[in-house]
Amino acid sequence: MTSTAPPRTLAVIGALSVLDRFLPVWILAAMAAGLLLGRLVPGLDAALDAVKIGEISLPIALGLLLMMYPVLAKVRYDRLGTVTGDRRMLLSSLLLNWVAGPALMFALAWIFLPDLPAYRTGLIIVGLARCIAMVLIWNDLACGDREAAAVLVALNSLFQVVAFGALGWFYLRVLPGWLGLAQAELQVSAWDIARYVLIFLGVPLLAGYLSRRLGERSKGRDWYERRYLPKIGPLALYGLLFTIVVLFALQGHTITSRPGDVVRIALPLLAYFALMWGGGLLLGRVIGLPYERATTLAFTAAGNNFELAIAVAVGVFGVASGQALAGVVGPLIEVPVLVGLVYVSLAARRLFPAKEPVHA
């Protein structure tokens, strides 16, 4: 049978490694393995959760750092000026992440879960936690602009520190009061948010920056990009798969013991990811961004910081709370959906003029 996929899409997918090309398979296998381990190995969740950074398990923290370092090491930091000067993209990202995203999740949570206040609150918290980690992986796989992703993630991190608590107060207390709906409380300090940002973005960002600066200074850019980066590149996906296994092993019993609740939580999440990603890509196309930056805009808008959302829900409401379960279901839905959207994004390249070369 002759393929009807666009030639540019086939070329990009064909250039992917076996690990990258079959990523959906590996991710589904990692999710299944984690769920099975969590159900079948007594005490595994307690052992994995015994050592923490704040409210986040140390194994998950290590997996996230391993996942983010190779992607940030690929960024050409001397090109960041071209991104910070693109006001269309920066303003669009702020609008999508800090106005549209939380408002959309608030609306979907009330539409789909009017009778389940704990899950509803958990989803609203997920909507407030903008992505600073896995989005780098999805953007890279979709051939997005790495430099733009680094800038937008850093921008989200800064806003997360100053805006998370205020938006939580607005969407859980003020807006429901205005609308005559039930209210909830969310007490979280800016320092707690800053600590997560410093650990999960600051450490790998500094490591990536120093790697490029020192590597290029000692061996040159050609050696760094042709020899060093290909060697460390697979670590990002290994870290991703390890993180997924650990995350679902920690929460496997909770997820599999409440399948009906998981389905209820999953429906607004599916709508949210589809609308945010589609809206981001469409907005990028409308304002004239090239494919590379439009897809970066879309993925940074659609992704959420599930690590932070889970940590906040557990810290405020408790590990067995409905709010925490809603945070846990977030990556259960987000990971496979955004992997699928990587392939949709590659297929959508034909809708954009080829203005910039594709990087591998």
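I will talk about helix α11 in this model, its packing against helix α5, and then helix α12.

The model is predicted, so to speak of local features we need pLDDT of at least 70, while side-chain atom pairs count only at pLDDT 80 or more, and totals for chains, interfaces and linings use all residues. Residues are numbered from 1 along each chain as its sequence is written, and side-chain values use heavy atoms, with hydrogens and water left out.

Helices here are DSSP runs of H or I with at least four residues, numbered from the N terminus. Helix α11 covers residues 190-219, and because 30 residues at 1.5 Å a residue (the step being taken one time less than the number of residues) should span 44 Å, the 41 Å between its end C-alpha atoms agrees. A kink of about 35° lies at Gly202, shortly before the proline Pro204, the bend being the angle between axes fitted to the seven residues ending there and the seven starting there. After α11 comes Gly220, with a positive phi near 95°.

Turning to the packing, α5 (residues 58-74) and α11 meet at an angle of about 40°, with axes 8 Å apart, where axes are lines fitted to C-alpha atoms over the stretch in contact and angles run from 0 to 180 degrees between N-to-C directions. Contact, meaning heavy atoms within 4.5 Å, involves residues including Leu65 and Met68 of α5 and Phe200 and Pro204 of α11.

Finally, α12 (residues 221-257) has 37 residues and should span 54 Å, which agrees with the 52 Å between its end C-alpha atoms, and α12 has a kink of about 60° centred on Gln251.

Conventions: Helices (H or I, at least four residues) and strands (E, at least two) are DSSP runs, numbered from the N terminus.
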